[in-house]
Amino acid sequence: MPNPVVSSTAVTSADVVDTKLFREVVTVYTGAIDVVVNPYTPEIVAGRPAWSKDFLGRKIGVGDRLPGTTIEEYLAKMDRAGIARSFLIAAKLGPAGDVNSYALQVETVAELVAAHPDRFSGLVGLDPTAGMAELRHLERAVTEYGFVGAHSYPHWFGLPPDHRRYYPIYAKCAELGVPIQLQVGHCLRYDDARPLRSVGRPITLDTVACEFPELKLVGIHTGWPWTEEMIAVAYKHPNVYIGVDAYAPKHWPAALVHYMNTFGREKVLFGTDYPVIDPERAMTEFAELGLRAESATAVLRDNALRLYGLTG
């Protein structure tokens with residue numbers, strides 16, 4: 001795979017023939033894979049709970065993205081940012097029947113993936129409280145719809161990642177050979193009517209990785225404010241990875257940037273958690289980190305290709 005275009009802070013003068021011309025090049029990378037994206041079309045926005053608009057608008061500040069983004073508009077964003085593929089999540093936020101819960105139907109995401117198979121892949125959201133039905137749901141998404149992985153929000157279910165109710169899901173993911181993403185780190189206050197506990201300390205993934213060494217685990221949202229704890233778990237276990245989504249690159253902790261630029265370059269995956277972070281902003285700020293070319297290529301593309309079994 002060709003190396004990405006890199007910012008001038010990441011190369012020496014010997015690498016650039018015309019430095020003036022180089023500075024005029026848009027310093028973003030091409031061929032990237034965004035492994036954490038929430039489909040956010042106007043139709044999907046209309047079906048989200050009331051707290052979602054207030055949280056994203058006031059707490060996160062998504063600005064003009066709040067009304068939603070059509071698929072055509074999002075594909076244009078991806079093109080401008082140099083993102084070749086996005087993983088779309090059929091997310092589940094809370095148990096079925098809870099008045100504050102929300103679930104995006106897997107069929108909705110499957111339709112988006114089927115319409116643009118060269119640009120999108122699907123991730124199936126999972127509820128650890130749903131029992132055997134959820135295992136069948138997971139298997140159907142992978143075997144019938146071709147989804148490449150699973151996803152879950154532990155804090156929405158009040159269960160830490162090492163809780164026994166997750167274990168059947170882990171076993172099924174390992175059996176199917178698909179990675180599972182789990183939000184780790186601090187949980188924000190989504191809705192005053194139902195504040196959620198921060199149950200996803202990154203260290204809980206250590207227990208899971210010990211119990212399920214074949215399982216491919218991705219701790220998304222950087223693990224903040226316990227990012228170094230997340231780094232330690234990823235460093236320890238061959239099949240534990242870090243997703244650097246939900247936080248703008250310019251705010252990533254220095255220890256995380258050092259890890260992805262050096263001994264952890266093969267253990268980190270790029271993501272945005274759109275609509276939380278705009279892909280154009282994310283890619284621009286990523287370029288400004290000044291990572292080595294081999295590190296940037298690994299984080300932005302190669303690690304996702306390898307972990308999720310995708311072809312270039």
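**Entry 1: helices α9 and α10**

I began with the handedness of one helix pair, and I noted that α9 and α10 cross in a right-handed sense. Since this is a predicted model, I am keeping everything in these entries as computed from that model. I then looked up which residues bring the two helices together: Leu-205, Asp-206 and Cys-210 on the α9 side touch Met-230, Val-233 and Lys-236 on the α10 side. Sorted by class, the residues of this contact come to 4 nonpolar and 2 charged, with no polar ones. For the geometry, I wrote down that helix α9 spans residues 204-211 and helix α10 spans residues 227-236, that their axes lie 9 Å apart, and that the packing angle is about 15°. Angles under 35 degrees count as roughly parallel, and α9 and α10 are therefore entered as roughly parallel to each other.

**Entry 2: helices α4 and α12**

I went on to helix α4 (residues 71-81) and helix α12 (residues 279-287), whose axes come within 8 Å and cross at roughly 10°. With that angle, α4 and α12 are therefore also roughly parallel to each other. On the α4 side I listed Tyr-74, Lys-77, Arg-80 and Ala-81, which meet Pro-279, Glu-280 and Met-283 of α12. By class, I recorded 4 nonpolar and 3 charged residues for the contact of α4 with α12, and no polar residue.

**Entry 3: the largest pocket**

Next I turned to the pockets, and for the largest I noted a volume of about 560 Å³. Its lining is made up of 33 residues, of which Phe-55, Leu-56, Ile-60, Asp-273 and Val-276 are the closest to the centre. I asked myself which helix gives the most to this lining. The helix is α3, with 5 residues, and both α3 (50-60) and α7 (154-157) supply at least two residues each. When I sorted the lining of the largest pocket by class, I found 21 nonpolar, 6 polar and 6 charged residues.

**Entry 4: the second largest pocket**

I closed with the second largest pocket, which has a volume of about 150 Å³. I copied out its lining as Trp-51, Asp-54, Phe-55, Arg-58 and Lys-59, together with Arg-189, Tyr-190, Asp-191 and Asp-192. By class, this lining holds 6 charged and 3 nonpolar residues and no polar ones. I also marked Phe-55 for a second look, as this residue is among those closest to the centre of the largest pocket and is listed in the lining of the second largest pocket as well.

Note on methods
Residues are numbered from 1 along each chain as its sequence is written. This is a predicted model: local features need pLDDT of at least 70, side-chain atom pairs count only at pLDDT 80 or more; totals for chains, interfaces and linings use all residues. Side-chain values use heavy atoms; hydrogens and water are left out. On a 1 Å grid over the protein atoms alone, a cavity is a set of points where a 1.4 Å probe fits but cannot get out, and a pocket is an open set with protein on both sides within 12 Å along at least five of seven lines; lining residues have an atom within 4 Å of a point. Grid points are joined across faces, edges and corners, and a volume is the space filled by probe spheres set on the points. Helices (H or I, at least four residues) and strands (E, at least two) are DSSP runs, numbered from the N terminus. Ala, Val, Leu, Ile, Met, Phe, Trp, Tyr, Cys and Pro count as nonpolar, Asp, Glu, Lys and Arg as charged, and the others, Gly among them, as polar. Axes are lines fitted to C-alpha atoms, for helices over the stretch in contact, and angles run from 0 to 180 degrees between N-to-C directions. Angles under 35 degrees count as roughly parallel, over 145 as roughly antiparallel, 65 to 115 as roughly perpendicular and the rest as oblique. A crossing is left-handed if the near helix is turned anticlockwise from the far one by less than a right angle, and right-handed if clockwise. Contact means heavy atoms within 4.5 Å.
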